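Hi,

Here is the structure I promised to pass on. Have a look first, and my notes on what turned up follow below.

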Amino acid sequence: MNDQHFPPSSAPDLLLRPHPSRHEGPRGYLLRLAEANCMTLNDLGQAGIHFDPDCLSRHQLLPDPALDPHLHAHVARVALLAESKGRVWNMHHARFCPQCLAEDPTWQASWEIYFLDVCPKHGVWMVDQCGSCGQPLKWKRDSLLRCQCGSDLREETSGPAPDNLRRLAAILEDKLLHWPEGEAPAPLSHLDADQTQRLIRFLGTHMDPMANPRPLKLRNSGRLEGSWPVSTLAAEIIFRWPEGFHQALNQLQANSSGEKKGLRDTFQHAYTYLYKGFKEAGFSDVRKAFEEWITVHWKGGVAGRNRRLPEMIQKNAQWIPGTVAAHELGISLKQLRRLITEGNVEWEEFLSTAGRKFLMVRRDQLVQIQEQLSGEITMEKAMEMLGLGKVRMQRLLTLLFPSARRIWDKEHLPWRIPRGEVEALLEVVTDLPVLTIAEEHQVSLGYVLKFWHWTGDEILALVEAVKAGTLKPQAFQDGARGITRWIFDIAQLRALQQRLNSGRSNWVSIPEMARILGVKQQVAYWLTHHGFVHAERLGCLKNLGSRVSREELERFQQNHVLGKEIAEILGCSSKKMSLMLAEQGIYPLRGEGPTPCRMLIYTRDSEVQRFLVQVTGSDPREFRLVGFLGSAVNIQ
């Protein structure tokens, strides 16, 4: 610094010449020096005394460099920083730690910089307002240790501050004084004091969703009330790096959800400042964390003309336009939207200012979609592989392939059939001779389907018998495809059909049972699954279906009663009826699993009869259950 000073003969005659300490700040030391000599800061300035090693040495305010080289280095470093990086210093507002000031009556250098809001030693908030007069503490006061109102600053009190903010203040102080630093988080490890302050201001303002359009224009940043929200948010982000930074970016992106915006529109000046304001190599960790977030989380797409972001980010970005994803999958955009509605793809849709819709999907999920698409085939492809016609395939589809599903689970949309199940069926029979013309005692399955008019249950029983090995094809029909080329002995097929038709009048299917009882099919299947109605499989064939004997159905009707019938007798809702019975310790049927029955069904016993007599006062024989073929069963 240039020193405009008096010649030695005209140097100010100072009464006392206290030396600065190794951690003292420039304004704090000059105020202490002025107070010791009954002067003001303005008087010292007019006398040409300022915080500079040459000036202080000339006025005998520093010892010989050989006696205390560390003090000279501190003064030189702080003086250079004050001259070259004036934005580091809080020149308009004074703050301090009461506990530190009581222990050592000097004003520390770290108290004079921005964003040191917590005492690194004691972990309490800094104080910048007098507790007696309530006024902000000013530099233009008469005493270092007293407010302009005269109250002793060492008597002030302060509360505990967040630990992350204390850790951040300690790092900032170490960087200012060039003290040995502990383990600093990644974004601070290569930054000096000025750069650390800039990062704090950036993170504490731009990462705030409620920040104003130009957050770096921070008002009253020298006052604690203006700086602590900024430093607190920055500390929480820094000490959770990079997750905290990514979470803040996610929140900013979520605020613009539903709108098609680029990086500049979404992050305002934050995006520009990352590359224009943080050009130094020390900020590489910050830019790297931002680019990692862009690659994984940015849903707006990266334009090829973007020259700021590395080319690899554009190639590896996880969120890509729907049109690009559909092209890579080899499907239409309409099919991609169907997959999205099935919950197979994470997606985001934006609306531009012009009203156009932009679909974005995750690139890393395309592999799963591709595997799913390759693992499922359409009904048309299954028809081609099996050699079945459309009408027959529609009737047999759910019987042959129970796991087949409709896209969107909507009745009018196409079917998806697991390719593995179709191929497994085709591989049941192999290594058979191929016949151009079947023998007189033989017939192909294609002929059966065309001319014998077998029902779906009969065809299914035939296929399941082949899978179980109880019925074996004898050859393949030349020129036929899939299962229609199977050739069987006619006598074996007639015997199978006869076995299926025998005794049918004594049995009912599960859907027929539901119709007879007047319940939904889900309830009927629940009753058989939990053993309340005994059901037998057709033969021993897997997935062939089950049947219930009429005797078993009549037994169930005689021993059970529907809750809706009880509710009708009581003249109340089913819910109220169930509550009334529960108060008497009477509960509906309950299975062993977590899935309850969809209807209220009770065991018809003396407890139910006694309850009806008590509540209605009528003859319980009047209470009836709609039973088999519409007949009525009385409670006796």
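First, a bit of vocabulary: two strands pair if DSSP finds at least two bridges between them, and helices (H or I, at least four residues) and strands (E, at least two) are DSSP runs, numbered from the N terminus. This is a predicted model, where local features need pLDDT of at least 70 and side-chain atom pairs count only at pLDDT 80 or more, while totals for chains, interfaces and linings use all residues. Residues are numbered from 1 along each chain as its sequence is written, and side-chain values use heavy atoms, with hydrogens and water left out.

Overall, the protein has 28 helices and 17 strands. Of its 636 residues, 46% count as buried (under 20% relative accessible area, with a 1.4 Å probe and protein chains only).

Now the sheets. One is an open sheet of four strands in the order 7-9-10-8, with mixed pairing. Its edges are strand 7 (434-435) and strand 8 (442-444), each pairing on one side only. Strand 8 runs antiparallel to strand 10 (residues 486-489), and three bridges join them; glutamine 442 has aspartate 489 in strand 10 as its bridge partner. Helix 20 (residues 445-452) packs on this sheet, touching strand 8 and strand 10, and its direction makes about 80 degrees with that of strand 8. Helix 22 (residues 490-501) also packs there and touches strand 8 and strand 10, at about 80 degrees to the direction of strand 10. (Contact means heavy atoms within 4.5 Å; axes are lines fitted to C-alpha atoms, for helices over the stretch in contact, and angles run from 0 to 180 degrees between N-to-C directions.)

Another open sheet has three strands in the order 11-13-12, with antiparallel pairing. Strand 11 (507-509) and strand 12 (536-537) are the edges. Two bridges link strand 12 with strand 13 (residues 546-549), and arginine 537 stands opposite serine 546. Helix 25 (residues 550-559) packs on the sheet against strand 11 and strand 13, at about 65 degrees to the direction of strand 13.

Last, a pocket: an open set of points on a 1 Å grid over the protein atoms alone, where a 1.4 Å probe fits, with protein on both sides within 12 Å along at least five of seven lines. The second largest has a volume of about 520 Å³, the space filled by probe spheres set on the points, which are joined across faces, edges and corners. It is lined by 24 residues (an atom within 4 Å of a point), with Pro26, Arg27, Leu30, Leu41 and Met91 nearest its centre.

Cheers

Definitions and conventions. Buried means under 20% relative accessible area, exposed over 50%, partly exposed in between (1.4 Å probe, protein chains only).
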